[in-house]
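Open the model in your viewer and keep the sequence panel beside it. Follow the stops below in order.

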Amino acid sequence: MIDLRSDTVTRPSAEMRQVMFDAPLGDDVWGDDPSVHQLQHYAAAQTGKAAALFFPSGTQSNLVALMSHCQRGDEYIVGQQAHTYRLEGGGAAVLGSIQPQPIDNAADGSLPMEKIAAAIKPIDPHFARTRLLALENTFNGQVLDADYVHQATALARRHGLATHLDGARVGNAVTASGSTLEALCAPFDSVSICCSKGLGAPAGSVLVGSQALIDQARRWRKVVGGGMRQVGLLAAACEYALTHHLPALAADHAKAERLAAGLGAIDGIEVTSQATNMVFVRFNRGDTFDPEHLHAWLRERDILVGALYAPRFVTHRDVSEADIDQVVDAFARYFASH
Ligand SMILES: *Cc1c(COP(=O)(O)O)cnc(C)c1O
């Protein structure tokens, strides 16, 4: 199968499995797991933060970050299309008693400054207390503009808000921008990083921030059930992913460019955006076009894609350039005959 549904489908390589097999282990709820400690030290050092904490998922890492910044009845400003708001089951409200204040994302993923400013509430018992600004980088594969990030986080700080970055794919942003992890994390009080996307670990995310924030987060992680025992097995995979696979993400971006160029040359397909490892397209084939038929047709040819009413293709380390050419060829044949 050539699987372009997401970069989450990546499987651990033989080398990564060996590192997992060899990892020294202990009970991490007791603070005894050396492999978890090593990952947390590495992540804190690389992001320029004082401390780090390991999580089973990015959803839980984001949730715990929000709960550590905000009290019950506080509010966070977040994108209408942000993963944290839209794709995490409403966890901030459901489990954190934190009121989201969503704002429409601009096409580039930013939250317009004037809309952020207008959403910050005065101190008044009528209002929830606005406490936090949350951004996302990359957003639909796009790298947030660095000047924008500096301005938006400065605006937040002027109003006494904390700042959180959902950096699930910040490694892709590092690779595409030529910047460093430390520079992209510097404007934020906390950053959540997924090792289980294009970085290729089987599971695991890291939250980085100040020592005080991470101490809070360790408590909330236990409360939401994220305290794990001999989890150095996964932490070792995540450290391997950060050290060995992050520098290799450029290859995923090259494959996405190749896919966008190939699909864009097919009559009936318009590439609406390609950034880092994601390609978005639109099909220009009128009312007779049936995305479900195309989906099934591709599947019969061992090509897996997400729902085609909103077509997004994600490249990753487990698809080759030859696979990409095979996908382009399959689309070309379909659109030539349907
Ligand atoms: C994947 C992802 C997360 C976290 O998802 P998990 O599947 O829980 O690890 C958070 N934010 C963004 C933008 C993501 O793509």
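**Stop 1: the annotated domain.** Select residues 3-283. Over this stretch the chain is 43% helix and 19% strand. The C-alpha atoms at its two ends are 20 Å apart. UniProt, in an unreviewed entry, lists residues 3-283 as "domain: Aromatic amino acid beta-eliminating lyase/threonine aldolase". Keep in mind that this is a predicted model.

**Stop 2: the ligand and its shell.** Now select the ligand. Show these residues around it: Ser57, Gly58, Thr59, Asn62, His83, Glu88, Glu136, Asp166, Ala168, Arg169, Cys194 and Lys197. Colour them by class: 2 are nonpolar, 5 polar and 5 charged. Which helix gives the largest share of the shell? Helix α3, residues 58-69, with 3 residues.

**Stop 3: polar contacts to the ligand.** Zoom in on three side chains.

- Thr59: an N or O atom of its side chain is 2.6 Å from an oxygen atom of the ligand.
- Asp166: here the partner is a nitrogen atom of the ligand, 2.6 Å from a side-chain N or O atom.
- Arg169: a polar side-chain atom sits 3.0 Å from a ligand oxygen atom.

Switch on the surface next. On its own the ligand has 380 Å² of accessible area, and the protein covers 82% of that.

**Stop 4: the largest pocket.** Hide the ligand. Select Gln81, Leu87, Glu136, Asn140 and Arg312, which lie nearest the centre of the largest pocket. The full lining has 16 residues. They divide into 4 nonpolar, 6 polar and 6 charged. The volume is about 430 Å³. Glu136 appears in this lining and also in the shell around the ligand.

**Stop 5: the second largest pocket.** Select Arg5, Ser6, Phe280, Gly306, Ala307, Tyr309, Ala310, Pro311 and Arg312, which form its lining. By class, 5 are nonpolar, 2 polar and 2 charged. The space inside is about 250 Å³. Arg312 lines this pocket and is among the residues nearest the centre of the largest pocket.

**Stop 6: two backbone details.** Most residues other than glycine have a negative phi, and most peptide bonds are trans. Two places here are worth a click.

Go to Asn137 and Thr138. The peptide bond between them is cis, with omega near 5°. Thr138 is in the loop between β5 (129-136) and α7 (146-158).

Finish at Ser97. What is the sign of its phi? The phi of Ser97 is positive, about 55°, although Ser97 is not a glycine. Look for Ser97 in the loop between α5 (91-96) and β4 (99-103).

Key
Residues numbered from 1 in each chain as written. Predicted model: local features only at pLDDT ≥ 70, side-chain atom pairs only at ≥ 80, totals over all residues. Heavy atoms only, no water. 1 Å grid on protein atoms, 1.4 Å probe; cavity = no way out; pocket = protein on both sides within 12 Å on 5 of 7 lines; lining within 4 Å. Points joined across faces, edges and corners; volume = space filled by probe spheres on them. Nonpolar A, V, L, I, M, F, W, Y, C, P; charged D, E, K, R; others polar. UniProt positions renumbered as here; feature names shortened; annotations may be inferred. Helix = DSSP H or I, 4+ residues; strand = E, 2+ residues; numbered from the N terminus. Near = heavy atom within 4 Å. Polar contact = N/O pair within 3.5 Å; in protein donor to acceptor, adjacent residues only side chain to side chain. Areas by Shrake-Rupley, 256 points an atom, 1.4 Å probe, with all protein chains shown as cover.
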